[in-house]
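Biologist: Could you take me on a close look at the place where the ligand sits? I would enjoy one connected walk through its surroundings, and then a little of the wider chain.

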Amino acid sequence: MSNKLLLMGDEAIAQGAIDGGLSGIYAYPGTPSTEIMEYVQNTKQTAELNIHRKWSANEKTAMEAALGMSYAGKRAMVCFKHVGLNVAADAFINASITGVNGGLIVVSADDPSMHSSQNEQDSRFYAKFAMVPILEPSNQQEAYDMAYFGFELSERLNVPVLLRITTRMAHSRAGVQRREGKPQNSLRLPSDPRQFVLLPSIARKNYRKLLMGQAAMEIESEKSSFNELISGNNKSLGIITTGIAYNYLVENYPDQKSPYPVLKICQYPIPRKQVEELYNSCNKVLVLEEGYPIVEEQLKGYLNTGKPVHGRLDGTVPRDGELNPNIVAKVLGMDVAEGQPIPDVVKNRPPSLCQGCGHRDVYEDLNEAMKVYGTGRVFSDIGCYTLGALPPFNAINSCVDMGASITMAKGAADAGLVPAVAVIGDSTFTHSGMTGLLDAINENSPITVIISDNSTTGMTGGQQSSATGKIVDICRGIGVDPNHIRVVTPLKKNHEENVRILKEELAYQGVSVIIPQRECIQTFARRKKSEKKESND
Amino acid sequence: MKNDIILAGVGGQGILSIAAAIGLAAVNSNLYIKQSEVHGMSQRGGDVQSHLRISDKPIASDLIPEGKADMIISVEPMEGLRYLPFLSNSGWLVTNITPYMNIPDYPDINEILAKVKSLKHHIAIDADSIAKEAGSSRASNIVMLGAASLFLDIPFERIEEGIRQLFGKKGDEVVQMNLKALRLGREFSEKNR
Ligand SMILES: Cc1ncc(C[n+]2csc(CCOP(=O)(O)OP(=O)(O)O)c2C)c(N)n1
């Protein structure tokens, strides 16, 4: 085993893509997908290969740039967390209509049980919506292989391919065997110059091609080595697993051998032939899937008239949250081991803003300035600063989706809630806050926008922020009155001055933007450390 | 052979270095390994955990089933107790006794240690002091690894090798200091098991 690499699922995908002839990776950070791009950035080989590997401003721009690279004939990968696919959805769905030229893999990392997310949506729905194949690895080797072979699958079927992973696959390490590196594609225009022109007349043709291609996708699934029908003597039950649910099933049996026949699905569309074979050989079916009951729903249909199909929909398996070996064991009526309960002395340890973080000062200033207006007026966004919702600050009243702070404040102001405040981070601002600010400017909405600028994408570990050094210019360009763009330094010693500035702008009946600027203390500490190291070398 | 280990601590305490060192030792011993961790929100001073599984046979699940862990290694005493539902009846809790108090309602440390000591199989070690003795308080996680190494089915030399690999880039001084921390941790467990 020692010639294998010990890789996280995310890293295995990155390495598989590099070895599979990748020319460019496009991504916006988001747990648990971030390490895919970071691995490509930190691998020496990628500089020699001149692989594009810079962060994009958001998931939509990433998806579109990757499609552009595919148009030019080269192999491209896009990565984001599941909610990132919402942002990229317009491009993603339409990319299935244009088709591809160079192979295109879209990696979406789902987070069932919401370890660090607002929801546990299942990306597989999007692939079904777009009518494109899904690859869903059950182990790190498959994650590598799927990225490695996925480009060819995409080129063969002329569609983007969704590579769907979940938290445990993304963030778990195991041994991975590499394959021989493939050369990158050369620059080559699409053979049909109008393939990517989705005027209705062309789109209708493309769409029919996509529909006719469905049969070929199903055949690919039926032939795929990622899907496997494993025999079992006990035919009272047949089990279908998707992705890593397979591991949780076989964990419960000695030598990983289930007594029931098992269909392990890791490539979609669902392989019809194998499903029928399993269904016909068993009395009833159990579906174990990490995520929403998508396969289960398809098997049942609306009328649910066939043999019994059990899963999340009928409560056999919990309706929400991720699976684990014990949940699966209980579903199968097996005894499970139990440890001791968590002792009462153990207290929760919620995440909190770092000591010394500038967001802390921002909230202390803001809470003071808002005293006269009362609570319930601060719309916020997604990032470290969302922790301002918790004690001791209790400073914000919303966190919905990236960019929503400014637009929700505007809507509330439209309704008469004046002043309304938005608190947004720098990376979130350039991700999708800028366009909302334009709406507010066009109506001169009485809102106060605080862009808490720590010059990094903090929550996800400190990636380069597209906003760094540009926020004031962007606000001016969008049309904010320069007299109401106020740059401040969030430090204790400036508390009184910052409160005064906030009060002035809260009283202003138009759009004002306050930009507290102080580097994230985590990136600051890391920078100092590496500077010190360099000067010692 | 199978070792299922839960690693516990608070964000930034270095449990992932422990996992990495054991991982290297396991790979060098031609064993199968799976190691999963939760990132993200947990980096902000919250609790962090990692599931580390080592076996001479292929491993199915990335997660250790509840009630089946052979050991909990915790660099913080309250965090070790958080994962008791995972520990098997014959499993060991190997924990540092120095609390990390970043919450206002941190419980009485004596109550926590009393609970630790009520467990049949436990090692409660002052890893911070021992690390200082070895040369750096930052090596307390390696002291913990040394204390835990007694209960791993991996030869001690392989773990030493893992430390050399892990810290090799930082120079011989750092390597020697960590090896000393490792040995002191091990000796503590030998005397106190
Ligand atoms: C659509 C979408 N993409 C990505 C994420 C993951 N995400 C959560 S917070 C965050 C970073 C925010 O950075 P910034 O606004 O600069 O705030 P900071 O964390 O630095 O305070 C990201 C990328 C998400 N929740 N939603």
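**Around the ligand**

Modeller: Gladly, and let us begin with a histidine: in this predicted model, a polar side-chain atom of A:His359 comes 2.7 Å from an oxygen atom of the ligand. Another side chain takes part through A:Glu59, where a polar atom lies 2.6 Å from a ligand nitrogen atom. The backbone joins in as well, since a backbone N or O atom of A:Met459 is placed 2.9 Å from an oxygen atom of the ligand. As for how much of the ligand is covered, it would expose 590 Å² if taken alone, and the protein buries 97% of that.

Now step back to the whole shell. It holds 26 residues, and the closest are A:Glu59, A:His359, A:Cys384, A:Thr428 and A:Gly458. So two of the contacts you have just met, those of A:Glu59 and A:His359, come from residues in that closest group. By character, the shell divides into 14 polar residues, nine nonpolar ones and three charged ones. The space that the ligand takes up is the second largest pocket. Two elements of chain A give two or more residues to the shell, namely helix H5 (82-98) and helix H17 (426-442). H17(A) gives the most, with four residues.

It also helps to see the pocket against the domains. Chain A is divided into domain 1 (4-212), domain 2 (228-331) and domain 3 (358-523). Domain 1 and domain 3 of chain A each supply at least three residues to the shell around the ligand. As for domain 2 of chain A, its centre and that of domain 3 are 48 Å apart, taken over C-alpha atoms.

While you have the model open, a few backbone details deserve a look. The peptide bond from A:Pro391 to A:Pro392 is cis, and its omega is near 5°. You will find A:Pro392 in the loop that runs between strand E14 (378-379) and helix H16 (404-414) of chain A. Another cis peptide bond links A:Val418 to A:Pro419, with omega about 0°. A:Pro419 belongs to the loop between H16 and strand E15 (420-425) of chain A. Finally, turn to A:Asn50, whose phi is near 55°, a positive value in a residue other than glycine. A:Asn50 sits in the loop between helix H3 (44-48) and helix H4 (59-71) of chain A.

How values were computed
Residues numbered from 1 in each chain as written. Chains lettered and ligands numbered in written order. Predicted model: local features only at pLDDT ≥ 70, side-chain atom pairs only at ≥ 80, totals over all residues. Heavy atoms only, no water. Near = heavy atom within 4 Å. Polar contact = N/O pair within 3.5 Å; in protein donor to acceptor, adjacent residues only side chain to side chain. Areas by Shrake-Rupley, 256 points an atom, 1.4 Å probe, with all protein chains shown as cover. 1 Å grid on protein atoms, 1.4 Å probe; cavity = no way out; pocket = protein on both sides within 12 Å on 5 of 7 lines; lining within 4 Å. Sits in = over half its atoms within 2 Å of the grid points. Nonpolar A, V, L, I, M, F, W, Y, C, P; charged D, E, K, R; others polar. Domains from an automatic or database assignment.
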